[in-house]
Structures are given as C-alpha cells and as structure tokens.
Amino acid sequence: ERLLLQVAVGSGVFMFLWVFLPFPGSAWTGTPGHDALVERVFEAIPLFSAVAPPGLITKYNELGHLPALTHAVPGAIWSLLAPWQLLSEGRARLGPQGHATAGRIMLSAAALLMYGYYV
C-alpha cells in the first residue's frame, strides 16, 4: 500500500504542477501571454507536438479564463487530495478532522469541476 500511496501522491502532484506552473499551466489558459508562450514552446521543441498538440492546453482559450477556474483548478485540487482520502496511510496522516475537511474540499472541487466540464 505504501508504493500505491507514493504513486498516487506523485500523480496528484504532477497534475497540480501541470495546472499551476507557467508551462503548460492549464490554470493560465486564456490569460494574456500564456497561450502565446505555449505555442512558442511547442514550436521550439518539436517533441512536444509529436506527443500532443498545443491545442490540448489552449483549447479553451476562446472562452477566456472561466474553464481554467472551473475545471483545471478544481481538478488539480481534487487530484492532490484523492490519495490522502482513499488510502489508509493517507487517512492516518490526515487524522479524523483532516480527513473530513479534505473530503469536503474534494466534494466541492468535484462539483465545480463537473460544472467546468460543462462550460
């Protein structure tokens, strides 16, 4: 279970960083300069385009910043908290009050994430 927790936490941290770092930074989609940065990076490093198109990150830019705030950000928060909620070692580290609080945050993030998917 310890290895599973490490993998799950690593995946959650990866998702969190994917959303909040400037590149690729899904949370910043639709903000001035971000989408141009993504395009420049994909042009400069052809391997990125071979793996996925830049539109994977910038696909919501027509709608502005709303999809990032209602889908990417809650998704990153949910991904970071999920391992701590689902695995017994994670729950033990959070304690009963932390587990309850993290669960409420996850539920709220999931509801917002579903709305953001609809947008």
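**A six-helix model, one helix at a time**

In helix H2, which covers residues 34-44, the buried residues are His34, Asp35, Val38, Val41 and Phe42. Viewed down the axis of H2, these buried residues stay within an arc of 125 degrees, so they line one face of the helix. The other side of H2 looks outward: Glu43 and Ala44 are exposed there. What does the buried set of H2 pack against? Its partners are helix H3 (46-51) and helix H4 (55-58).

Now step back to the whole chain. The model is predicted. The protein has six helices and zero strands. Along the sequence, the pattern reads α-α-α-α-α-α. The C-alpha trace spans about 45 × 30 × 20 Å along its principal axes. Of the 119 residues, 32% are buried. Contacts also reach across the sequence. Among contacts with a separation of 6 or more, 59% join residues 24 or more positions apart.

Helix H5 runs over residues 66-86. Serine 79 belongs to this helix. Is serine 79 buried or exposed? Its relative accessibility is 19%, and the cut-off for buried is under 20%, so serine 79 counts as buried. The serine 79 side chain has a polar partner in the backbone: it reaches the backbone oxygen of glycine 75 at 2.9 Å. Serine 79 also has partners farther along the chain. Leaving out residues up to four places away in sequence, serine 79 touches Gly12 and Met15.

Leucine 66 lies in H5 too. Its setting is another matter. Leucine 66 has 41% relative accessibility and therefore counts as partly exposed. That value falls in the range between under 20% for buried and over 50% for exposed.

Leucine 66 leads to the surface. Which residues form the nonpolar patch there? They are Leu66, Leu112, Tyr115 and Tyr118. Together these residues have about 460 Å² of accessible area. Helix H6, residues 88-118, gives the most to this patch, with three residues. Leu66 brings in helix H5.

The total surface completes the picture. The protein exposes about 7200 Å². Carbon and sulfur atoms supply 72% of that area.

Taken together, three places are worth finding in the view. One is the face of H2 lined by buried residues. Another is serine 79, buried in the model and in touch with Gly12 and Met15. The last is the nonpolar patch on the surface, to which H6 gives the most.

Key:
Residues numbered from 1 in each chain as written. Predicted model: local features only at pLDDT ≥ 70, side-chain atom pairs only at ≥ 80, totals over all residues. Heavy atoms only, no water. Patch = residues over 30% accessible without salt bridge, like charges linked within 9 Å, V, L, I, M, F, W, Y side chains within 5 Å. Areas by Shrake-Rupley, 256 points an atom, 1.4 Å probe, with all protein chains shown as cover. Salt bridge = Lys/Arg side-chain N within 4 Å of Asp/Glu carboxyl O. Helix = DSSP H or I, 4+ residues; strand = E, 2+ residues; numbered from the N terminus. Buried < 20%, exposed > 50% of the residue type's maximum accessible area, 1.4 Å probe, protein only. Arc of directions from axis to C-beta. Contact = heavy atoms within 4.5 Å. Polar contact = N/O pair within 3.5 Å; in protein donor to acceptor, adjacent residues only side chain to side chain.
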